[in-house]
Amino acid sequence: MPTYAAPSPQREPHIVVRNLTMAFGNFVVMRDLSFTIGRGDIFIIMGGSGCGKSTLLRHLIGLEEPARGEVFYDGESFTKADAGTRRDVLRHIGVLFQSGALWSSMTLSENVAMPLAAYTDLSPPEVRELACLKLALVGLKGFEDYYPSQISGGMQKRAGLARAMALDPDILLFDEPSAGLDPISSRLLDDLILDLRDSLGSTIAVVTHELSSIFTIGDNSVFLDVESRTMIASGNPKDLLAHCDLPNVHRFLTRGGDEGSPERKP
Amino acid sequence: MLARVGSAVLRLSEGLVEWFRFIGELTLAIGRMARLRASFPRADFAYLVQQAGAEALGIVTLVSFLVGLILAFMGALQLLRFGASIYVADLVGIGMSREMGAVMTAVVMAGRTGAAYAAQLGTMKVTQEIDALTTFGFNPIEYLVLPRILALCLMMPLLCLYSDLMGLFGGIVVGTGMLDLSIAQYWKETVAAVHLTDFGLGLFKALLFGVLIALAGCLRGTQSGRSASAVGDAATEAVVTSIVLIIVTDGSLAVICNVLGI
């Protein structure tokens, strides 16, 4: 299978994925994935629906065990680490799940406050204040005492983002952050992700197939190909658009491009 | 045929491994709790206690009263032939305190609370809430399973005691209404027939059944697939597993008590 690797700026490796094969029983989702996410990079994991992007994210945080290969954080193997070491690593990672994954028995402020109360020495009023601040940052001021079931899906996602940012983590992993958001909210979220990287220096990995987000925020990327069940391209998304001539990548990045659906042809 | 037997054995062994892993993780969580290192939201625990206790009183009252009533009625039909109707009080008293109070409370709680635990945890799995706990470094067994088991262990003996009393009340209704016994006669015979050991055995069974129901509910919930139908299946499996465990354990305890002369 031909592959393409666009040149990308060499940053200090923060997350390294080496020869990762993901499988459920005998069904191989993706095989031989190897890529490096540099410190402070916004790294896009892209590919068609059902190719295993979210599954890859789950492997990065240990929610699924690889069939083969390893994931390294700061040069240390996460895959082979014991449960205590894994927990220590995870404390420095904030995750926004596809559905928001807010704890439904808690209000939004309690959701954001829970990690703050568990891992900081702040007093309860300070924790509450900081939780409200994080919620305000994602535009949820005034909704602090609402339960997840009382707000819309987009708002749940933003609250999930506030919770992911609660501990100012070194690494942020976002699973389809723009899905379900209107174009303006989606654009604001992109700006927020760029702000987070610039102000906190966080390393950010984003699973998405929203082209506008990919080109706006992505420094580096990997393309997972559903047909060959492996990665076939990597590099800056704009470089991939300009120089990668692999048909599957080109079609994806041009929304079908020249070979788009018949009804789009003149 | 051979392949089917083989796959059935494999499934059974996988199921057992999951039970042992779950119980192992729970034991570690209980160990952390004993060293005051475990933590779970206090508000959630209070709600779980209320759900497994006060909110179950209505159905436990109805079922236990009727079971006491049925026991007394069936006993009365036979005992009347021998002019021994006063022994209905013995039958109901011993039957409720040793067996039926604990078993009926357990069956009600398996259908009510065990299924609710499986559905709650299954839904939390579907909505990735359990994944979110894990990625924040919180132990889901400690946060979700431990408080549920504690709540049920705390409430089951109390509900069992309440069920015993409701059953006795059902017996009194038959005794006074059908057998022309006075309340004082019935009560005196009950007090003479039922010993503290009988109540103790019933309460011990209730505690044990509480652990089994909570374990089955939480295990099936955490094993649930990631769809609405899978959550329904998990709730059904939780009830079936709980009831099988309750009956098997109760049978085993009956034999053990007989051998030990309790």
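## Exercises on a predicted model

F72(A) sits opposite S77(A), a residue of β6(A). Keep that pair in mind; the model is a predicted one, and the first exercise starts right there.

**Exercise 1. Work out how β5(A) and β6(A) are joined, and which residue in the turn has a positive phi.**

Solution. Start with the pairing: β5 (residues 68-73) and β6 of chain A run antiparallel and share two bridges. One partnership links Y73(A) to E76(A) in β6(A). Now look at the connection: the two strands make a hairpin with two residues between them. The turn residue with the positive phi is D74(A), at about 50°.

**Exercise 2. Place that hairpin in its sheet: what is the strand order, and which strands are at the edges?**

Solution. Step one, the order: this open sheet has four strands, β3-β2-β5-β6 of chain A, paired antiparallel. Step two, the edges: β3 (27-38) and β6 (76-77) of chain A each pair on one side only. Step three, the helix on top: α1 (53-60) of chain A packs on the sheet and touches β2 (13-24), β3 and β5 of chain A. The directions of α1(A) and β2(A) make an angle of about 120°. Step four, go back to the β2(A)-β5(A) pair, which is antiparallel with five bridges. There, I15(A) has Y73(A) of β5(A) as its bridge partner.

**Exercise 3. Now take the seven-stranded sheet: which strands have a single partner strand?**

Solution. Write down the order, which is β1-β11-β10-β4-β9-β8-β7 in chain A; the sheet is open and its pairing is mixed. The strands with a single partner are β1 (4-5) and β7 (93-96) of chain A, so each has one side without a neighbour in the sheet. For a parallel pair, try β4(A) and β10 (220-225) of chain A, with five bridges between them. One of the matches there is G47(A) with L224(A) in β10(A).

**Exercise 4. Check the length of α6(A) against the expected span, then find out where its buried residues lie.**

Solution. First the length: helix α6 of chain A covers residues 183-200, and 18 residues at 1.5 Å a residue should span 26 Å. Its end C-alpha atoms are 25 Å apart, so the check works out.

Next, burial. L189(A), D190(A), I193(A) and L196(A) are the buried ones in α6(A). Their arc around the axis is only 120°, so they lie on the same side of α6(A). Their packing partners are β4 (42-47), β8 (171-175), β9 (203-207) and α7 (211-217) of chain A.

Then flip to the face turned away from the buried side: the exposed residues there are P183(A), I184(A), D191(A), D195(A), D198(A) and S199(A). Finally, step past the helix to G201(A), which follows α6(A) and has a positive phi near 70°.

**Exercise 5. Zoom out: how does the radius of gyration of chain A compare with the globule rule?**

Solution. Begin with the inventory: chain A has nine helices and 11 strands. Its radius of gyration is 19 Å, close to the 18 Å from the globule rule for 266 residues, so chain A is as compact as a globular protein of that length. The box filled by its C-alpha atoms along the principal axes is roughly 55 × 50 × 35 Å. As for burial, 43% of the 266 residues count as buried. Last, the contacts: among those between residues at least 6 apart in sequence, 66% join residues at least 24 apart.

Notes:
Residues numbered from 1 in each chain as written. Chains lettered and ligands numbered in written order. Predicted model: local features only at pLDDT ≥ 70, side-chain atom pairs only at ≥ 80, totals over all residues. Rg over C-alpha atoms; globule rule 2.2 N^0.38 Å. Buried ≥ 20, exposed ≤ 12 C-beta atoms within 10 Å, placed from the backbone. Contact = placed C-beta atoms within 7 Å. Expected span 1.5 Å × (residues − 1). Arc of directions from axis to C-beta. Pairing = 2+ DSSP bridges. Axes fitted to C-alpha atoms, helices over the stretch in contact; angles between N-to-C directions.
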